[in-house]
Every structure is written in C-alpha cells, then in structure tokens.
Amino acid sequence: MASSEMREPTFFVLAALADGRKHGYAVIAEVATLSNGRLTLRPGTLYAALDRLADQGLVRTAGEEVVDGRHRRYYEITPSGADTLATEAARLQANAEQAFRRLRLGTA
C-alpha cells in the first residue's frame, strides 16, 4: 500500500483479519465490534474491498466450504498486510500521542 493514510474501513478489515482467517460475514461482524458500532459494512462493499486488498497483496483467500447450503470463502491477512496494518497503527498512535500532548499543554 502507498505511504498515504489508510481509510478507516480498510484499517478495520485488516484488523479484523489480524487474529486469523474469517469468512465475509464474520469480517463484517468483527469490523462492527472493533469500531464500537461506528462502521457497518455492507456485503458488496466488503467484498469489493477484499478484492482490492487481495490485488494489493494485503489479504488472500484461505479456503472455502459450504455451510448449511451456503458457500463461504475465507480470507486471511498476508505478511505484507500485517506489516501495512502495523505501520498504519503506529502512524495513528503517533498522531494521537501528539494530540494528547497538546491537550495536556493547553490545560496546564
């Protein structure tokens, strides 16, 4: 991924996959949980994002199965995706630390 900032839905999709492979609807549920309900991904949006992230080498398919007559495709984060997520998390953390430092200075 480019050095520009990552969009929040992309960040949370990668974060949802960081602890192991998941099928699409599990990713949707995990993104909602991780974002405290602020992000609700629709299936079409998620699968377009997963295709884009796969094209970028950040995620890959990790198996398929049929459950209750429904086809499930699983996805997992790649090592490059994990590195990209870690870089973005560090960038966000550094930004937040700067803001908190400023807030402490302003209230002193």
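Helices (H or I, at least four residues) and strands (E, at least two) are DSSP runs, numbered from the N terminus. The coordinates on screen are a predicted model, in which local features need pLDDT of at least 70 and side-chain atom pairs count only at pLDDT 80 or more, while totals for chains, interfaces and linings use all residues. Residues are numbered from 1 along each chain as its sequence is written, and side-chain values use heavy atoms, with hydrogens and water left out.

**The whole chain**

Begin with the full trace in a cartoon view, where the protein shows 4 helices and 3 strands, and follow the elements from the N terminus in the order α-β-α-α-β-β-α. The C-alpha trace spans about 60 × 25 × 20 Å along its principal axes. If you colour by accessibility, with buried meaning under 20% relative accessible area, exposed over 50% and partly exposed in between (1.4 Å probe, protein chains only), buried residues make up 30% of the 108 residues. Taking a contact as heavy atoms within 4.5 Å, residues 24 or more positions apart account for 49% of the contacts with a separation of 6 or more.

**Select helix α1**

Select residues 8-17, which form helix α1; 7 of its 10 residues are buried, so the helix is largely enclosed by the rest of the structure. Displaying side chains for the buried set brings up T10, F11, F12, V13, L14, A16 and L17.

Keep F11 and F12 in view for the aromatic pairs, of which a search of the whole structure finds 2. The criterion is that rings of Phe, Tyr and Trp (its six-membered ring) pair if their centres lie within 6.5 Å, with planes under 30 degrees apart counted as stacked, over 60 as edge-to-face and the rest as tilted. The rings of F11 and F12 have centres 5.5 Å apart and planes at 85°, so this pair is edge-to-face. F11 has a relative accessible area of 16%, and F12 one of 10%, so both residues are buried.

**Select Y47 and Y75**

The other pair is formed by Y47 and Y75, whose ring centres are 6.5 Å apart with planes at 50°, so the arrangement is tilted. Y47 lies in helix α3 and Y75 in strand β3 (residues 70-77), so the pair ties together parts that are 28 residues apart in sequence. Y47 is partly exposed at a relative accessible area of 28%, whereas Y75, at 5%, counts as buried.

**Select helices α2 and α3**

Two packed helices are described by the angle between their axes and the distance between the axes. Select residues 24-34 for α2 and residues 43-55 for α3: the two axes come within 10 Å and cross at roughly 105°. Here axes are lines fitted to C-alpha atoms, for helices over the stretch in contact, and angles run from 0 to 180 degrees between N-to-C directions. This makes α2 roughly perpendicular to α3, on a scale where angles under 35 degrees count as roughly parallel, over 145 as roughly antiparallel, 65 to 115 as roughly perpendicular and the rest as oblique. On the α2 side the contact is made by G24, Y25, V27 and I28, and on the α3 side by P43, L46 and Y47. These residues divide into 6 nonpolar, 1 polar and no charged, where Ala, Val, Leu, Ile, Met, Phe, Trp, Tyr, Cys and Pro count as nonpolar, Asp, Glu, Lys and Arg as charged, and the others, Gly among them, as polar.

While α3 is selected, pick T45, which is found in this helix and counts as partly exposed at 46% relative accessibility. The C-alpha atoms of T45 and P9 are separated by 9.7 Å, although the two residues are 36 apart along the chain.

**Select the two loop residues**

Most residues other than glycine have a negative phi, and most peptide bonds are trans. Centre next on N36, in the loop between α2 and α3, where phi is near 55°, a positive value in a residue other than glycine; at 71% relative accessibility, N36 counts as exposed. Then move to D68, in the loop between β2 (59-67) and β3, which has a positive phi of about 50° although it is not a glycine. D68 is exposed, with a relative accessible area of 78%.

**Finish at H71 and R21**

Select H71 in strand β3 and show its surroundings: leaving aside residues up to four places away in sequence, H71 touches E64, E65 and V66. Measured against nothing but its C-alpha position, H71 is 19 Å from L17, C-alpha to C-alpha, with their places 54 residues apart in sequence. Last, select R21, which lies over the face of Y74 at 4.0 Å from the ring centre; a charge sits over a ring if NZ of Lys or CZ of Arg is within 6 Å of the ring centre and within 35 degrees of the ring normal.
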